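Me: I would like a close look at one part of this protein. Please take the buried interior and walk me through it.

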Amino acid sequence: TGTLHSEMGDLPSAPVGNVLFGRILEDLFDGLSNTGISSDSLPTLTSSLRQNGEKDKPLDSLAGKGRIRSSPLTIKKDDGQLIRAYHDRPEGEEVAELPVVVISPGYGETKRDYLTLAYYFAGNGFQVVRYDYTNHVGESDGSHYQVSLSSMKEDFQTVTRFVRDTWPHTTLIGVASSLGARVALKAEAERPSVALLVMLMG
């Protein structure tokens, strides 16, 4: 179990690896030693997320030293619905043991809304899996009139299980935004899967 950190101080532990929420601050990444990731290797999210001009920069400026390769993924849920996702990673690198970031979008958002953030991660040595919820806007199966927190939670759990099965020897990190953060936290409380959960609040 890890400790929940907020700007108001520590909160009780939850049954997940590490959880960060509130504003994304650089000093919150100091506690990554037990995940096997150094704070130096984790991209600084603050500039990417908080500076208004960042989203207007070319994606190549976020790609570090190399190029990024993106491939579509289709992930099947237990109920048969298909989750449409993308796998972003540094081109030309062996990805088997690179840490994987799963990006869980906010309500009313899709995987495309997180392209810049995904490329920022991929350009700094991470794999990224970003997806659309089922029964929601985006390309995954289902009608958005049928969206629920339960189905969003199942989507997160399905994607993290897929990542675990596909890259069993890598570190898994969850990044969840807005309502997606609540969904991811509930999913992790029910079935822990990630070493670190970062919740982005606007």
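What follows is a tour of the interior, from the whole chain down to single side chains.

Reply: A caution comes before the tour: this is a predicted model.

Start with the whole chain. Its secondary structure comes to 4 helices and 9 strands. Along the sequence they run β-β-β-α-β-β-β-α-β-α-β-α-β. Of the 202 residues, 48% are buried. Among contacts with a separation of 6 or more, 61% join residues 24 or more positions apart. The accessible surface is about 10100 Å², and carbon and sulfur atoms hold 47% of that surface.

Now the cores. In soluble globular proteins, nonpolar side chains tend to be buried together. Here the largest nonpolar core has 25 residues. Those with the most contacts inside that core are Val-102, Val-129, Tyr-131, Phe-156, Val-159 and Val-163. Several elements each supply at least two residues: strands β4 (68-76), β5 (82-90), β6 (100-104), β7, β8 (172-177) and β9, along with helices α3 (149-166) and α4. Another core, of 13 residues, lies apart from the largest one. Its members include Val-101, Leu-117, Leu-196 and Val-198.

Tyr-131 deserves a stop. Beyond its neighbours within four places in sequence, Tyr-131 is in contact with Val-102, Phe-156 and Val-159, among others. Its list also includes Ile-83, Arg-84 and Ala-85, then Ile-103, Ser-104 and Pro-105. Lys-111 and Asp-155 are on the list too.

Next comes a charged residue in the interior. Arg-130 sits in strand β7 (residues 127-131). Its relative accessible area is 5%, under the 20% cut-off, so Arg-130 counts as buried. The side chain of Arg-130 reaches the backbone oxygen of Lys-111 at 3.3 Å. Leaving out residues up to four places away in sequence, Arg-130 touches Ser-70, Ala-85, Tyr-86, Asp-88 and Ile-103, among others. Lys-111, Arg-112, Tyr-114 and Leu-115 are also touched by Arg-130. So are Ala-118 and Tyr-119.

Those last two residues lead to helix α2. Ala-118 and Tyr-119 are among the buried residues of α2. The others are Leu-117, Tyr-120, Phe-121 and Ala-122. Because 6 of the 8 residues of α2 (residues 115-122) are buried, the helix is largely enclosed by the rest of the structure. Leu-117 also belongs to the core of 13 residues.

Then the aromatic rings. The structure holds 3 aromatic pairs. In one of them, Phe-121 and Phe-126 are edge-to-face, at 5.5 Å centre to centre with 75° between the planes. Phe-121 is buried at 2% relative accessible area. Phe-126 is buried as well, also at 2%. The rings of Phe-162 and Trp-167 have centres 6.3 Å apart and planes at 90°, so this pair is edge-to-face. Trp-167 is buried at 10%, whereas Phe-162 is partly exposed at 23%.

Last, a buried loop position. Val-194 lies in the loop between α4 (179-190) and β9 (196-200). With a relative accessibility of 6%, Val-194 counts as buried. Its C-alpha atom is 7.7 Å from that of Thr-160, and 34 residues separate the two along the chain.

To sum up, keep three places in view. The largest nonpolar core has 25 residues. Arg-130 is buried in β7, with its side chain reaching the backbone oxygen of Lys-111. Helix α2 is largely enclosed by the rest of the structure.

Terms used:
Residues numbered from 1 in each chain as written. Predicted model: local features only at pLDDT ≥ 70, side-chain atom pairs only at ≥ 80, totals over all residues. Heavy atoms only, no water. Buried < 20%, exposed > 50% of the residue type's maximum accessible area, 1.4 Å probe, protein only. Contact = heavy atoms within 4.5 Å. Areas by Shrake-Rupley, 256 points an atom, 1.4 Å probe, with all protein chains shown as cover. Polar contact = N/O pair within 3.5 Å; in protein donor to acceptor, adjacent residues only side chain to side chain. Phe/Tyr/Trp six-rings, centres within 6.5 Å; stacked < 30°, edge-to-face > 60°. Core = buried A, V, L, I, M, F, W, Y, C linked by side-chain atoms within 4.5 Å.
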